[in-house]
Amino acid sequence: MTAHIIDGKAIAADLRARVAAEVARLKREHNLEPGLAVVLVGENPASAVYVRSKGKQTVEAGMRSFDHRLPESASEQDVLALVERLNADPAVHGILVQLPLPKQIDSQKVLNAIDPLKDVDGFHPVNAGRLATGLPALTPCTPLGCVMLAKTVHRSLEGMEAVVVGRSNIVGKPLIQLLLAENATVTVAHSKTRDLPAVVRRADLVFAAVGRPEMVRGDWIRKGATVIDVGINRIGGTDGKNRIVGDVAFEEAAQVAGAITPVPGGVGPMTIACLLVNTVRAACAINGLPKPGV
Ligand code: NAP
């Protein structure tokens, strides 16, 4: 194995420590205690795990955590009423509605109801539009984490050839905008892209956000490229147990890449750390304070 392994776990821990230091400063200098409200509707076990983890890390960073649970049978009106209450609550600076929502609820309608200033997931069309037009915005956490990881390898991404595989609203599209803001030359690939291996081979930076286990092979990677793997795929192992793999065939790619994120332990830990970053940024913006140091 030749590639440098980008240790997302350690980088995320470092970021959380920097968030905690900023939170302590805001309390000390401005009597401001950032608060994050997380709304969980229903009993989806994976969502419950994420929400618990978010709450724990919020408290560990010194922020206030507000946990709101609604039953699986909750109506769209129930969720919208809760979002309205949180929008009006001055102790809440960030609102996250855990997706997916039960089928009787229109997710887009709920996301659109969140005050864009408190939209720490960055999914509100106002924040997506601000990001696309180069205005200050709350940006989706996973792509933010991807760019931070790439910048632990390259001080500047300026002029680099970046290929993003995947164009979802939560990962691919915002990632493209963040890379453009870093002055990278960006290509976006998707399910209709012709000769995907040849497109990926052009890249100095490869971002895979596809949701297909180990689709990106080692011989698609240019020698020395940096590979950021967003995928989280559960597959059955030969021992009968499930294991998590990314969208990149890690063992193969690590023979050629200059640097690569593992799965798990790469992009995943950065997502919640960036959620904390966004909450601190939102708290500062709402209170008219300068952008914090994270
Ligand atoms: P998504 O909404 O399903 O989007 C997948 C994208 O991949 C689409 O743009 C699709 O193209 C493209 N695609 C599908 N098959 C393809 C193929 N054969 N060749 C090229 N492109 C193809 O997925 P997502 O929500 O962005 O998530 C992507 C992955 O990241 C998943 O594994 C997910 O679990 C993971 N994820 C991880 C985190 C984290 O915290 N680490 C956060 C979010 C997501 P079309 O647009 O043409 O359909």
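**Around the ligand and beyond**

In this predicted model, a polar backbone atom of H190 sits 3.5 Å from a nitrogen atom of the ligand. Side chains take part here too. An N or O atom in the side chain of R167 is 2.7 Å from a ligand oxygen, and a polar side-chain atom of S191 comes to 2.5 Å from an oxygen atom of the ligand. On its own, the ligand would expose 930 Å², and the protein buries 70% of that area.

Stepping back to the whole shell, 22 residues surround the ligand. The closest of them are R167, S168, S191, R212 and T271. Sorted by class, the shell is made up of 10 nonpolar residues, 10 polar ones and two charged ones. Helix 10, which covers residues 267-286, supplies the largest share of the shell, with three residues.

Next come the cysteines. The count of disulfides comes to zero. Take C146: the closest cysteine sulfur belongs to C274 and is 8.8 Å away, so the two are too far apart for a bond, given that a disulfide needs the sulfur atoms within 2.5 Å. C284 is in no disulfide either, as the nearest cysteine sulfur, again that of C274, is 16 Å from its own. How much of these residues is left uncovered? C146 has a relative accessible area of 0% and is therefore buried. C284 comes out at 1% relative accessibility, so this residue counts as buried as well.

Two other spots help fill in the picture. The first is D204, placed in the loop that runs between helix 8 (196-201) and strand 7 (205-208). The side chain of D204 makes a polar contact of 2.8 Å with the side chain of R222. With neighbours within four places in sequence set aside, D204 is in contact with R222, M160, E161, A225 and T226.

The other spot is A20, which belongs to helix 1 (residues 8-30). Is A20 buried or exposed? Neither label quite fits: the relative accessible area of A20 is 25%, so this residue is partly exposed, since buried means under 20% and exposed means over 50%. A20 also pairs up in space with a residue from further along the chain: the C-alpha atoms of A20 and E60 are 7.7 Å apart, although 40 residues separate them in sequence.

Conventions. Residues are numbered from 1 along each chain as its sequence is written. This is a predicted model: local features need pLDDT of at least 70, side-chain atom pairs count only at pLDDT 80 or more; totals for chains, interfaces and linings use all residues. Side-chain values use heavy atoms; hydrogens and water are left out. A residue is near a molecule or strand if one of its heavy atoms lies within 4 Å of it. A polar contact is a pair of N or O atoms within 3.5 Å; within protein, one must be able to donate a hydrogen and the other to accept it, and residues adjacent in sequence count only if both atoms are side-chain atoms. Accessible areas come from the Shrake-Rupley method with a 1.4 Å probe; for residues, only the protein chains shown count as cover. Helices (H or I, at least four residues) and strands (E, at least two) are DSSP runs, numbered from the N terminus. Ala, Val, Leu, Ile, Met, Phe, Trp, Tyr, Cys and Pro count as nonpolar, Asp, Glu, Lys and Arg as charged, and the others, Gly among them, as polar. Buried means under 20% relative accessible area, exposed over 50%, partly exposed in between (1.4 Å probe, protein chains only). Contact means heavy atoms within 4.5 Å.
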